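Open the model in your viewer and keep the selection tool at hand. The tour goes from the whole chain to a few chosen spots.

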Amino acid sequence: MQALYLDNAASTRIDDAVLALMSDVMRTAWGNPSSQHPQGAAARDHIATARRRLLTALGDRDGDGRLGDIVWTSGCTEADALAVLGAARTRPGSIVTSSIEHAAVGMLAARLGESRGAVRVEPGSDGVVDPDAVARAAEGAAVVAIVMVQNEIGVVQPVAAIARAVRRANPACHIHIDAAQAFGKVAIDVAAIGADSLAIAAHKLHGPKGIGALWLRSGAVLEPLWVGGGQQGGLRGGTQDAPGAAGLGLAAERAVAALPAARARWLELAERVTARLRDRGVAFRQLVPDQRRSPHILALGLAGVPATALRTVLASRGVYISTGSACSERDGHGKPSPVLVAIALPPDTGMCRLSFGLDTTADDVDAAADTLADVALELAARAPAVA
């Protein structure tokens with residue numbers, strides 16, 4: 001049985017070219033980037049090339065760091081922590097987030113809020129956070145942190161409008177964007193967004209796990225999470241990962257170059273799924289309309305279908321999807337998702353998230369949609385009737 005992987009919002013298969021580059025760096029430039037000899041210089045050169053690629057992909061057109069610079073991290077969670085906790089350590093005030101953040105930001109904000117106050121701004125019924133509501137909450141705040149693409153349902157937040165509104169209300173506030181699900185999936189221009197920092201992860205865009213980055217605006221001030229040998233301007237001590245940085249830089253370059261064609265193809269793949277479900281008579285609702293979602297995430301509500309059973313049966317038949325955020329599914333608490341509550345998903349409706357990558361094919365999607373229809377109809381038929 002061939003596995004059909006439609007969980008690319010959780011993680012993606014590494015690109016062959018990225019893997020080849022990383023292998024070459026490991027074989028030929030194994031020196032410590034801080035060492036003052038040719039092997040160290042070779043590693044530094046790879047990091048410098050990756051930095052230029054990543055800055056260009058983020059909208060610093062010349063890749064020269066005039067708008068900001070890169071801090072290499074172990075992933076988006078660390079990058080979020082460096083931005084939120086690092087900024088909070090430099091100024092007084094509360095922490096403002098939306099109520100639909102990824103746990104990397106949401107749980108950190110809650111922990112910080114125990115001592116200094118935290119405000120969670122609720123989205124509207126469409127899942128979109130109102131910039132003016134964030135600005136009101138940001139008066140007197142130290143940090144505002146907002147997810148650009150919500151990881152469960154893919155709704156895109158108006159981060160540039162939020163940044164402008166917060167700047168008017170509180171110019172001294174540090175504005176951070178979690179772009180783990182956005183980078184390589186929607187257009188990003190750090191100059192146009194106007195934030196102080198932005199976090200990304202390589203494994204969301206066909207790069208390796210264990211490497212991420214924080215883009216930090218020139219002039220923005222952070223305290224490091226830890227001290228060490230003074231690497232990366234003192235913001236992250238420790239030997240730099242040249243192969244990882246090289247992999248992220250190339251993955252970013254390739255993802256952004258592929259985005260115009262990928263966006264059109266992902267929208268077409270989503271339409272293939274919904275058309276097949278309609279043809280099969282499955283009762284479903286697309287949770288976010290195309291104009292408000294990231295094209296790689298298709299979130300569906302299936303009437304009368306238990307989400308956990310759906311995921312389990314699909315996996316047994318070789319179809320891999322998510323019924324929420326993979327990062328929180330194993331918490332065992334069974335708490336309702338804040339974003340699903342916000343968009344008023346009925347309790348008897350199961351949510352499933354199909355997410356596409358650059359290597360997702362139409363054949364895979366068609367086969368997965370047929371299996372999804374089979375399982376959804378089977379489970380709905382077993383559901384108890386509502387009086």
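The stops below start with the overall fold and then move to a loop residue and its neighbouring strands.

**Whole chain**

Show the cartoon. This is a predicted model. Colour by secondary structure: the chain has 11 helices and 12 strands. The radius of gyration is 21 Å, close to the 21 Å from the globule rule for 387 residues, so the chain is as compact as a globular protein of that length. Turn it along its principal axes. The C-alpha trace spans about 70 × 50 × 35 Å.

Switch on the surface. Its accessible area comes to about 16,000 Å², and carbon and sulfur atoms account for 55% of that. Of the 387 residues, 54% count as buried. Now consider contacts between residues at least 6 apart in sequence: 73% of them join residues at least 24 apart.

Select the charged side chains. There are 38 positive and 39 negative ones. The centres of the two sets lie 2 Å apart.

**Phe 183**

Next, select Phe 183. It sits in the loop between β6 (174-178) and α7 (190-193). Is Phe 183 buried or exposed? Phe 183 is buried because its relative accessible area is 1%, and the cut-off for buried is under 20%.

Which residues does Phe 183 touch, leaving out those up to four places away in sequence? Show these as sticks: Leu 54, Ala 57, Leu 58, Ile 188, Ile 200, Leu 205, Ala 252 and Val 256. For a distance check, pick Ile 146, which is 37 residues from Phe 183 along the chain. The C-alpha atoms of the two are separated by 14 Å.

**Strand β7**

One of the contacts of Phe 183 is Ile 200. Follow it into β7, where Ile 200 is one of the buried residues. Select residues 197-201 to see the strand in full. Five of the five residues are buried, so β7 is largely enclosed by the rest of the structure.

Look at each face in turn. Ser 197, Ala 199 and Ala 201 lie on one side. Leu 198 and Ile 200 lie on the other. Both faces are covered.

**Partners of β7**

Add β6. It pairs with β7 in the parallel sense, over three bridges. Zoom in on Ile 177, which stands opposite Leu 198 in β7.

Now add β8, residues 212-217. β7 and β8 pair in the antiparallel sense, over five bridges. Finish at Ile 200 once more: its bridge partner in β8 is Ala 213.

How values were computed: Residues numbered from 1 in each chain as written. Predicted model: local features only at pLDDT ≥ 70, side-chain atom pairs only at ≥ 80, totals over all residues. Heavy atoms only, no water. Helix = DSSP H or I, 4+ residues; strand = E, 2+ residues; numbered from the N terminus. Rg over C-alpha atoms; globule rule 2.2 N^0.38 Å. Buried < 20%, exposed > 50% of the residue type's maximum accessible area, 1.4 Å probe, protein only. Contact = heavy atoms within 4.5 Å. Areas by Shrake-Rupley, 256 points an atom, 1.4 Å probe, with all protein chains shown as cover. Lys, Arg positive; Asp, Glu negative; His and termini not counted. Charge placed at Lys NZ, Arg CZ, Asp CG, Glu CD. Pairing = 2+ DSSP bridges.
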